Amino acid sequence: RDVSDAHRQRSLFHVLHSLSLRCETCGYCQGMGPIAATLLCYFEPERAYASLVRLHDSYNMHAIFSPGFPGLLEAIYVQERLTEQMLPAVYDAFKRHMVSTTSYATKWYITLFANSVPFQTQLRLWDAFLLEGHDIFVVVAVAIVWVYRGTRGFSRKAGESMKREWS
């Protein structure tokens, strides 16, 4: 490892540690790491921390990371209702095969799609998120289900091949 990698790793630790101290309710959750890492690609640690605070306080991330994950559960509930309404055959197949939305979508919501789609796609999703709010991620999640609706092994393929196919 060169010095810059070690410096980046320390910066990531300090940003995440600082955020965990700022909100004792949320503390640290795994999904925060990829979000902070993305911000550190563009900002110095102080600004990355300030951006995380803004996401936490003003963009509903507190609800996503609070104990019990109420914001995450709400997003999953809305996604399931939309899937039930718009893609009833898929919804029925998921129920019949006991495919839980949480099994494939939790990572999407708690990381804001970091490491789930190609990096440039992630940045465009974040642009839309900052303009339109958290609901954009539910819309994208339903769209992914729609794209993979006729595919066997959906939950595995949605996570693994999405990056390849969308690159």
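This report describes the fold, the nonpolar core and several buried residues of a predicted model of one protein chain.

## Overall fold

The protein chain is helical in its secondary structure, with 11 helices and 0 strands, and from the N terminus on its elements run α-α-α-α-α-α-α-α-α-α-α. Of the 167 residues in the protein chain, 43% are buried. The chain exposes about 9700 Å², and carbon and sulfur atoms supply 56% of that area. Among the contacts in the protein chain with a separation of 6 or more, 63% join residues that are 24 or more positions apart.

## The largest nonpolar core

The largest nonpolar core holds 42 residues, and within it Ile35, Leu52, Phe65, Tyr109, Phe113 and Phe137 touch the most other members. Helix H9, which spans residues 135–147, gives this core its largest share, with 6 residues.

Phe137 illustrates how these members meet: leaving aside its neighbours within four places in sequence, Phe137 is in contact with Tyr109, Leu112, Phe113, Leu125, Trp126 and Phe129. Two of these partners, Tyr109 and Phe113, are also listed among the core residues that touch the most other members.

## Helices H5 and H6

Helix H5 (residues 70–86) and helix H6 (residues 88–96) have axes that come within 5 Å of each other and cross at roughly 120 degrees, which makes H5 oblique to H6. By class, the contact between H5 and H6 has 4 nonpolar, 2 polar and 3 charged residues. On the H5 side the residues are Glu80, Arg81, Thr83, Glu84, Gln85 and Met86, and on the H6 side they are Pro88, Val90 and Tyr91.

Gln79 also lies in helix H5, and with a relative accessible area of 0% Gln79 is buried. Not counting residues up to four places away in sequence, Gln79 touches Thr101, Tyr104, Ala105, Tyr109, Val138, Ala141, Val142 and Val145. Of these partners, Thr101, Tyr104, Ala105 and Tyr109 are buried residues of H7, where Trp108 and Ile110 are buried as well.

## Loop residues with positive phi

Phe69 is not a glycine, yet its phi is positive, at about 50 degrees. Phe69 lies in the loop between helix H4 (61–65) and H5, and at 32% relative accessibility it counts as partly exposed.

A positive phi, near 70 degrees, is also found at Phe113, again a residue other than glycine. Phe113 lies in the loop between helix H7 (101–110) and helix H8 (119–132); because its relative accessibility is 0%, Phe113 counts as buried. Leu112, which follows H7, has a positive phi as well, near 55 degrees.

Thr111 has its place in this loop between H7 and H8 too. The relative accessible area of Thr111 is 5%, so this residue is buried, and its contacts, not counting residues up to four places away in sequence, are with Gly31, Pro34, Ile35 and Trp126.

## Met61 and His134

Met61 is found in helix H4 and is buried, with a relative accessible area of 3%. Although Met61 and Cys26 are 35 residues apart in sequence, their C-alpha atoms are 9.6 Å apart in space. Leaving aside neighbours within four places in sequence, Met61 is in contact with Ile35, Leu55, His56, Leu112 and His134.

The last of these partners, His134, has its place in the loop between H8 and H9. The relative accessible area of His134 is 11%, and the cut-off for a buried residue is under 20%, so His134 is buried. His134 and Ala75 are 59 residues apart along the chain, while their C-alpha atoms are separated by 8.7 Å. Not counting residues up to four places away in sequence, His134 touches Tyr59, Met61, Ile64, Tyr109, Leu112 and Phe129. Among these, Tyr109, Leu112 and Phe129 are also contacts of Phe137, and Leu112 is a contact of Met61 as well.

Key:
Residues are numbered from 1 along each chain as its sequence is written. This is a predicted model: local features need pLDDT of at least 70, side-chain atom pairs count only at pLDDT 80 or more; totals for chains, interfaces and linings use all residues. Side-chain values use heavy atoms; hydrogens and water are left out. A nonpolar core is a set of buried Ala, Val, Leu, Ile, Met, Phe, Trp, Tyr and Cys residues joined through side-chain atoms within 4.5 Å. Buried means under 20% relative accessible area, exposed over 50%, partly exposed in between (1.4 Å probe, protein chains only). Helices (H or I, at least four residues) and strands (E, at least two) are DSSP runs, numbered from the N terminus. Contact means heavy atoms within 4.5 Å. Accessible areas come from the Shrake-Rupley method with a 1.4 Å probe; for residues, only the protein chains shown count as cover. Axes are lines fitted to C-alpha atoms, for helices over the stretch in contact, and angles run from 0 to 180 degrees between N-to-C directions. Angles under 35 degrees count as roughly parallel, over 145 as roughly antiparallel, 65 to 115 as roughly perpendicular and the rest as oblique. Ala, Val, Leu, Ile, Met, Phe, Trp, Tyr, Cys and Pro count as nonpolar, Asp, Glu, Lys and Arg as charged, and the others, Gly among them, as polar.
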